[in-house]
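Reader: I have the model open on my screen and would like to walk through a few of its details with you. Shall we start?

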Amino acid sequence: MRSLTSIADLTNDEIEEIFSLADGADKLRTDRVAAGHIMATLFYEPSTRTRLSFESAMQRLGGSVISCSDMKASSTAKGETIADTAKVVSSYADVLVVRHNWDGAVQAMAEHADVPVINAGDGSHEHPSQTLCDLYTLRREKGDLKGLTVVLCGDLKNGRTIHSLVYALARFGANVVTLAAQGMELPQYVIDRVEREYDYALAPVASDDLSAVVTETDALYLTPKQPHQLALFTQVDKVIQTRLNTLAAGLRYDAFYMTRKQKERMKEGGRDSSYPMIGSDFLKEQRFQDTVVMHPLPRVDELSPEVDNDRRGIYFKQAAYGVPVRMALLKFLFDQRATQPRTKKSEDTYENPLPFGPKCRNSNCVTLKEPISTQSRFEIHFADEIGALIQTCSYCDHRLKIELIGHGVSKRYCAYDVAFADTVRVWLKNKELAIFDSIKEAEEHGYEPYKSSPQRVLMGEAEIITAVSEISEQILRDCQDPDRLMILGVRSNGSRLAQRIAGEIAARRKRKPELGEIEIYGSGDELRRVSPADAGPLNLKDREVILVDDVIFSGRTIKSALSIIFRSGRPRSVRLAVLIDRGHRQIPVKPNYVGKNIPSSEKERVRVKLRELEPCEQDQAVIYSIINPGDNSETTTRDAERAALN
């Protein structure tokens, strides 16, 4: 039995098989391939095209439909769980089509249903059947998908159709240009997955060619196997600008995929900002004469009615393709009833059998909304290139950096370090790995800390204060326009240091610069304002940005932070300030401002302790050697171990 909860449930060959079936939709209708079958549609959110096209598809195949178009009028209103709903309704029907407002809810229902389940959209996560329609439309209108350049416009953060489509386009070798409305950029976890799984590279595109669609944001270019690394620069000089303009000038835009602002998924109704629009200016541009315009619909005001009567506006044809594609999908799933589903579990799947441990940080994830219907399950990614251990929710794909790990047999815990990667892989394979949100949680469950070597102080409080002051002075000296200055700190230590630098600059200028925070491995806004708090979303356009972190070693964290910055707007420049530079750079990023250069070996760790974040009386930067927890020669006392962690 096969379900479709994510576009990843289908191989490229299976997608092509579905397209071939869709090409022969008339024969499927004549053969009545679904005769005697019943489809149930369960929609927890409003729908017109998706629900009706599924119901039309099933009826054309000779099947019948039972429908609950408003789940608020169902037993859900009485408190029935989605797990129970799936179990009950799957005894009435041969296939379920579900739309839900929670991320990952359809996956959870598929785990409890006895029949195939199709995801008709889950929160802001995915919409795989719409992606099939989009790919089919592109193939019919443009031919082979490989090598096409598709521009994704509008709300790329909350648009579930976008996330599924990006993954699918990457799989088929298409080029993707993202043109997001301000504050609605493609999430970093989507870009990371495309880079990691499909070997895509990302670069910002500076081009006036797209001004016919939007004027206040810049584009990003995702393309396979061209590691141009243009996202790594920290100063937009003339040479880099020329390279970017050359890259943009050479692009052929095959399709624009426009989305509406997803107001229902935004806090307080969303943001007031410039939103991309396709209208008369677009239609007049010579370079767009062969560029088709797509939209999953419904539209609001991002598509002008003028486009309706133009041959390039194919969104109504795109909607019509939804029927043959969904006919083909239903036929495919009925034929697959005797086959096993494609396994989503890997050797790096972490299932936590204990009542404590990691939880998804996405507030709209089904695992938080209704834990009783889900399992605590994550994919563990060993991001050795940045020295981090990342957990990805198996339901909603949101990521979180793991800080504390434990060994279930020895009942010991420690902070994760890349030096432990091989040991942790063994623990994971043997189901001995424990993951904690805090030291308190670990110790409440009887775990004791592993040891580390004695710590040596590299910088005391006075030296840290002096370094912050000198860095602030250098920043002001180099700043061309202090009124356009913006300080961005990498959470958590980098953010605190950024606040101190902003305070120093304010004391000198009698005016505090704008201050923001970057969270690389979170589930909320990746870029958010710290102060002034009531000034709306940060606008990086033409700003002099100072990126602040506590320690730079490999440069991978800075690479991710720069990616977030250049997805959010085109600053005039980006300069990097760090308290400590350890050397050993794997990424060619050079700090502009350094408090102290401290060469150290790969087995040594440098840690900055700030009063605001840790229970210490004074600021400190310390260095210590890593002792692998796989080496069970533990001779130090519990007090010494606790001191090492603190």
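Reader: Is Asp-134 buried or exposed?

Author: Happy to help, and keep in mind that this is a predicted model. Asp-134 sits in helix H6, which spans residues 128-142. Its relative accessibility is 0%, and the cut-off for buried is under 20%, so Asp-134 counts as buried.

Reader: Which residues is Asp-134 in contact with, leaving aside its neighbours within four places in sequence?

Author: One partner is far along the chain: Gln-318 lies 184 residues from Asp-134 in sequence, yet their C-alpha atoms are 6.9 Å apart. With the neighbours within four places left out, the contacts of Asp-134 are Leu-165, Tyr-257, Met-294 and Gln-318.

Reader: Now to the helices. Are H7 and H8 roughly parallel or roughly antiparallel?

Author: Helix H7 covers residues 160-171 and helix H8 residues 188-198, and their axes are 10 Å apart. The angle between them is about 15°. Angles under 35 degrees count as roughly parallel, so H7 and H8 are roughly parallel.

Reader: How do the residues of the contact of H7 with H8 divide into nonpolar, polar and charged?

Author: H7 brings His-163, Val-166, Tyr-167, Ala-170 and Arg-171 to the contact. From H8 come Tyr-189, Val-190, Arg-193, Val-194 and Tyr-198. Sorted by type, they are 7 nonpolar, 1 polar and 2 charged.

Reader: How many residues of H8 are buried?

Author: The buried residues of H8 include Gln-188, Ile-191 and Asp-192. H8 is largely enclosed by the rest of the structure, because its buried residues number 8 of the 11.

Note on methods:
Residues numbered from 1 in each chain as written. Predicted model: local features only at pLDDT ≥ 70, side-chain atom pairs only at ≥ 80, totals over all residues. Heavy atoms only, no water. Axes fitted to C-alpha atoms, helices over the stretch in contact; angles between N-to-C directions. Helix = DSSP H or I, 4+ residues; strand = E, 2+ residues; numbered from the N terminus. Parallel < 35°, antiparallel > 145°, perpendicular 65-115°, else oblique. Contact = heavy atoms within 4.5 Å. Nonpolar A, V, L, I, M, F, W, Y, C, P; charged D, E, K, R; others polar. Buried < 20%, exposed > 50% of the residue type's maximum accessible area, 1.4 Å probe, protein only.
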